[in-house]
Amino acid sequence: MCGIVGIVGTGPVANRLHDALQRLEYRGYDSAGVATLEPDGTLVRRRAEGKLANLSARLEKDPLAGAIGIGHTRWATHGAPTEANAHPHMSASVAVVHNGIIENFAALRDELAATGYPARTETDTEIVTLSVTRELDRGATPGQAVAKVLPQLKGAFALAFLFRGFDDLLIAARQGSPLAIGHGRGEMFIGSDAFALAPFTAKITYLEEGDRAEIHRDGMTIFDVNGKPVDREQHLSAASALMVDKGNHRHFMSMEIDQQPEAVSHTLAHYLDMANNKVDLREQLPFDLAGPDRLTITACGTAFYAGLVAKYWFERYARLPVDVDVASEFRYREPPLEKGGVSLVISQSGETADTLAALRYARAAGQHVMAMVNVAESTIARESDVIFPTLCGPEIGVASTKAFTSQLAALGALVVAFGRARGHIKPRAEAKMVAALTGLPGALSEALKADGHIEAVARVLSRAGDVLYIGRGTAFPLALEGALKLKELSYIHAEAYPAGELKHGPIALIDEGMPVVVVATTDELMEKTISNMHEVAARGAKIILITDRQGAALAGNDVAEIIVVPRVDPFVAPIVNAVAVQLLAYHTAVHMGTDVDQPRNLAKSVTVE
Ligand code: M6R
């Protein structure tokens, strides 16, 4: 999603804005730009289509000297990813950067044109620039102009403004999309998140819904949605300490895949009392774990698949019925939710717009809202009653990997806690499940050893036009996750089905040589999945089987490739299988030469619906 930065500094800021934008690259973008107020009093911008390197070249050729400025990485929503549509959008009197969507931009555009302020680009952002310019032309101060325009804008967005003639003022506004303000020494900063600002300061204030901040070198004033000055808490962000580089890895994604044993181990350390083979939840819950008779889980993308695995677990082991839904459907379906019931949202970033809306829907229905997030300072974390953290460190690659396995590890611990409280998991069963979780870091390290073999297998996929993934039980959500990973990284069309569903239609897709990835590790369903596998093999499919040694022994001769993962308790098998589907997609993408860490059209943090 778009990234916003701003600096009210003491020397030239253009290069620092560019550096801060680099730290937002992981969110995904397709053009970038900066604007500064130059010493001669004019607003000047540099913009470029494509990667930040292009903007950097532009800045090298035509440097900017201003000590105050704003910057932006754009992920196109309205209008193509061209230089003309890139931010900042500017008139002679104001420059604007924007994240999110102005839903009523078409009506505002017509109204502005009718009063002599015609739009020149296809973007919704330009409407904000023109609206503020019109207020300034009518004699408003910058603060008055922004305050007048904000209530006219519908949608979820964050904005930053820079004004001609005001060399000590940036204005920031938040309505739906996150915005952080950084406090420096004689300098102040704006960033879409604390990571962007980590090299400058760890002192962060987050704007709340409807807030507008007037930011100067020596501090700021925040006004709430009613225009009243308000105090917002200052936090000490951990982002600087956590910011990482790729080390010796070719991509962030491969580094993050390799980090999984450690990521899962950190996460489990939070939830388990390993010495006593017990789950030990530190979180204070506003309800009794034995109380709820239903759990509603909402999330998007990979986090949704983690929720789907959790449904199988909660229902089987804790005997707790679970409704799990993609947040974008849930939020508009108007599902009836019981007052006093319990909802869980899952999100790596904690900023996904649809997941946040689902959380708010559940809260409005009077539910207790629990969130599983990786970014502790995120909006979803701040709006939840209970935060269940995943402790895997920042995930930079757009494709979620270590966050997924960490979510599953934490969800596994929650299942045990609920099952124990509800009387369905007795101490011996708890000890067995906790031992299975505790063994995960070792099993994940073992699974990573298949890397070289998977790289070779990925050549088969890199030549495919379509790939089918199948699995049963918790292997089905893993098949979905494998197909999603392959689609987003390699752009190869991939679908996933429950293996038992093939005969109801999808088997018609199979023709000679079509790769079918079968996820089938040892559990009570493995033999059934292996039979389904033979059915597609008999119709010419090229089988890539992900299984353990026992499954490999049952595979027979019609399997093209077997990726062997360690044998683990079936409870935690999806976590180990995740490594295989991740590596398969990763190496396929590398063979094909796609942009692994920032696949086309994708954003790390989807802050618009
Ligand atoms: O930050 P979140 O976990 O809420 O993100 C949800 C999805 O956008 C995310 O998992 C997405 O599907 C990934 N690109 C998958 O690899």
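Is valine 415 buried or exposed at its relative accessibility? I began my notes with this residue, and I found that valine 415 counts as buried, since its relative accessibility is 0%. I keep in mind throughout that this is a predicted model.

**Valine 415 and its surroundings**

I placed valine 415 in helix α14, which covers residues 402–421. Setting aside residues up to four places away in sequence, I listed what valine 415 touches, and the list reads Trp313, Phe314, Tyr317, Ala318 and Ile425. I also looked up its separation from threonine 82, and found the two residues 333 apart in sequence and 48 Å apart in space, from C-alpha to C-alpha.

**Domains**

I then turned to the domain assignment of the chain, which gives domain 1 as 3–248, domain 2 as 255–438 and domain 3 as 446–592. Taken over C-alpha atoms, the centres of domain 1 and domain 2 are separated by 34 Å.

**Histidine 18**

I looked up histidine 18 in helix α1, which is made of residues 14–22. Its relative accessible area is 8%, and because buried means under 20%, I noted histidine 18 as buried. Apart from neighbours within four places in sequence, histidine 18 is in contact with Leu52, Leu55, Ser56 and Leu59.

**Arginine 74**

Which side chain of opposite charge is nearest to arginine 74, and how far away is it? I found that it is aspartate 30, at 4.7 Å, and that arginine 74, although buried, has no salt bridge. The reason lies in the cut-off, because a salt bridge needs a side-chain nitrogen within 4 Å of a carboxyl oxygen.

I noted that arginine 74 lies in strand β4, residues 68–74, and I then searched for polar partners of its side chain. The backbone oxygen of glycine 79 is 2.9 Å from a polar atom of that side chain, and the side chain of arginine 74 also reaches the backbone oxygen of alanine 80 at 2.9 Å. Not counting residues up to four places away in sequence, arginine 74 touches a list of residues that includes Cys2, Tyr29, Asp30, Pro81, His87 and Thr123.

**Backbone details**

Histidine 87, one of the residues that arginine 74 touches, is joined to proline 88 by a cis peptide bond with omega of about -5°. I placed proline 88 in the loop between β4 and β5, the latter being 89–90.

I checked asparagine 277, which has a positive phi of about 50° although it is not a glycine. Asparagine 277 sits in the loop between β16 (272–273) and β17 (278–279), and its relative accessible area of 30% makes it partly exposed. I noted a positive phi for asparagine 601 as well, near 65°. Asparagine 601 is found in the segment after α21 (573–592), and at 62% relative accessibility it counts as exposed.

**The ligand**

Which of the 14 residues around the ligand come nearest? I wrote down Ser347, Gln348, Ser349, Thr352 and Glu488. For serine 349, an N or O atom of the side chain is 2.6 Å from an oxygen atom of the ligand. A polar side-chain atom of lysine 485 lies 2.9 Å from a ligand oxygen, while threonine 302 has a polar backbone atom 3.1 Å from an oxygen atom of the ligand.

**Salt bridges**

I ended with the salt bridges, of which the count comes to 27. Arginine 360 forms one with glutamate 209, and the closest N and O atoms of the pair are 4.0 Å apart. Arginine 360 is in helix α12 (353–364) and glutamate 209 in the loop between β11 (203–206) and β12 (212–216), so this pair ties together parts that are 151 residues apart in sequence. I found arginine 360 partly exposed at 30% relative accessibility, and glutamate 209 partly exposed with a relative accessible area of 35%.

In another pair, the side chains of aspartate 323 and arginine 294 meet at 2.8 Å, N to O. Aspartate 323 belongs to strand β19 (322–326) and arginine 294 to the loop between β17 and β18 (295–299), so parts 29 residues apart in sequence are tied together.

I also noted the salt bridge between the side chains of arginine 363 and aspartate 385, at 3.1 Å from N to O. Arginine 363 lies in helix α12 and aspartate 385 in the loop between α13 (379–382) and β22 (386–389), 22 residues apart. My last entry is that salt bridges with shared partners join Arg174, Glu209, Arg360 and Glu383 into one network.

Methods. Residues numbered from 1 in each chain as written. Predicted model: local features only at pLDDT ≥ 70, side-chain atom pairs only at ≥ 80, totals over all residues. Heavy atoms only, no water. Helix = DSSP H or I, 4+ residues; strand = E, 2+ residues; numbered from the N terminus. Buried < 20%, exposed > 50% of the residue type's maximum accessible area, 1.4 Å probe, protein only. Lys, Arg positive; Asp, Glu negative; His and termini not counted. Polar contact = N/O pair within 3.5 Å; in protein donor to acceptor, adjacent residues only side chain to side chain. Contact = heavy atoms within 4.5 Å. Domains from an automatic or database assignment. Near = heavy atom within 4 Å.
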